[in-house]
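Biologist: I would like to learn how to read this structure feature by feature. Where should we begin?

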Amino acid sequence: MGKTRNGKAAVTFTVLAFVLIVIAFTTPNWLETDGKLENPKFVKIGLWQVCFQGFEHPHHLYDTKFYGCWWVFEEEYYIIHDILLPDFFVATQFFFTLCLTLLLIGCFLTILYTCCSRNHDKFLLLLWTTGGNLTLGGICGIIAVIIFGARGDGRDWMPNWEHNDISWSYALAVIGSFILVIAGVLFLVEGRRYKKKQERILNQDQKTHTTI
């Protein structure tokens, strides 16, 4: 049997969420300077990469200045880890990484869904599992973007906070997370419909046998 329109929509939303979340996860444009400063010390930052242009410890405890784009856990950054990696940013990394991990699992389950026959005895379990997995992943993503949205452009993090704006990578993370929740809900709805349909078929069979 072919997949329903609802099921096809769930697959489509899953693929779209995957593209958006992977791009958001890997690009360094969650927060960036607005371009109005001639020589901004901070340029941009993503979950795993940060770009500086002469950034130094705000309390001048060290003479080292940082230039270019580097991994946020780069060994040379140890002297500014307390500034670069505050608790809210680590929490954002954690929840969005969890979101991506659940999404990857969900993508595998979605592939199984597209290949699996609706007559398979584990088809309902597959729908429930896929829906729950994707929904949980989306919720983790939403938690991550709420945390970053609340603190990311605050005055107590990157320098020249008034010239720092939430950027497009963050926007993709927000959109992707909500789309992921929609995909999960669609799979759960598909599971509910499939269960009801199977129950109707079972009841009809029982009535037929009773009549005979």
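Modeller: Begin with exposure. A residue counts as exposed over 50% relative accessible area, as buried under 20%, and as partly exposed in between. Keep in mind that this is a predicted model. Now take D156: its relative accessibility is 55%, so D156 counts as exposed.

Biologist: Which residue forms a salt bridge with D156?

Modeller: R151 does, and the closest N and O atoms of the pair are 3.4 Å apart. The cut-off for such a pair is 4 Å. R151 has a relative accessible area of 39%, so R151 is partly exposed.

Biologist: How many salt bridges does the structure hold?

Modeller: Two. The other case to read is K41 with E56, where the closest N and O atoms are 3.7 Å apart. K41 sits in the loop between strand 1 and strand 2 (42–45), while E56 sits in the loop between strand 3 and strand 4, so this bridge ties together parts that are 15 residues apart in sequence.

Biologist: Is E56 buried or exposed?

Modeller: E56 is at 15% relative accessibility, so it counts as buried. K41 has 34%, which makes K41 partly exposed.

Biologist: Next, disulfides. How many does a search of the whole structure find?

Modeller: One. The test is a pair of cysteine sulfur atoms within 2.5 Å. Here C51 and C69 are joined, with an S to S distance of 1.9 Å. The pair links distant parts of the chain: C51 belongs to strand 3 (residues 49–55), C69 to strand 4 (residues 66–71), and the two are 18 residues apart.

Biologist: Why is this disulfide called right-handed?

Modeller: Look at the torsion about the S-S bond. For C51 and C69 it is about 110°, so the disulfide is right-handed.

Biologist: What is the accessibility of C51, and what is that of C69?

Modeller: C51 is buried, at 2% relative accessibility. C69 is partly exposed, with a relative accessible area of 41%.

Biologist: Which cysteine sulfur is nearest to that of C99?

Modeller: That of C140, which is 6.8 Å away, and C99 is in no disulfide. C99 is at 0% relative accessibility and counts as buried. Set C115 beside it: C115 is exposed, with a relative accessible area of 66%.

Biologist: Now a polar contact. Which side chain does that of T27 join?

Modeller: The side chain of S169, through a polar contact of 2.6 Å. Place the residue next: T27 lies in the loop between helix 1 (5–26) and strand 1 (31–33). T27 has a relative accessible area of 17%, so T27 is buried.

Biologist: What is T27 in contact with, leaving aside its neighbours within four places in sequence?

Modeller: G46, W168 and S169. The distance to apply for contact is heavy atoms within 4.5 Å.

Biologist: W168 has come up. Which residues form the nonpolar patch with W168 on the surface?

Modeller: V15, V19 and I23. Together with W168 they have about 340 Å² of accessible area. For such a patch, nonpolar side chains are joined within 5 Å.

Biologist: Which element gives the most to the nonpolar patch?

Modeller: Helix 1, with three residues. V15 is in that helix. W168, a member of the patch, is also in contact with T27.

Conventions
Residues numbered from 1 in each chain as written. Predicted model: local features only at pLDDT ≥ 70, side-chain atom pairs only at ≥ 80, totals over all residues. Heavy atoms only, no water. Helix = DSSP H or I, 4+ residues; strand = E, 2+ residues; numbered from the N terminus. Buried < 20%, exposed > 50% of the residue type's maximum accessible area, 1.4 Å probe, protein only. Polar contact = N/O pair within 3.5 Å; in protein donor to acceptor, adjacent residues only side chain to side chain. Patch = residues over 30% accessible without salt bridge, like charges linked within 9 Å, V, L, I, M, F, W, Y side chains within 5 Å. Areas by Shrake-Rupley, 256 points an atom, 1.4 Å probe, with all protein chains shown as cover. Salt bridge = Lys/Arg side-chain N within 4 Å of Asp/Glu carboxyl O.
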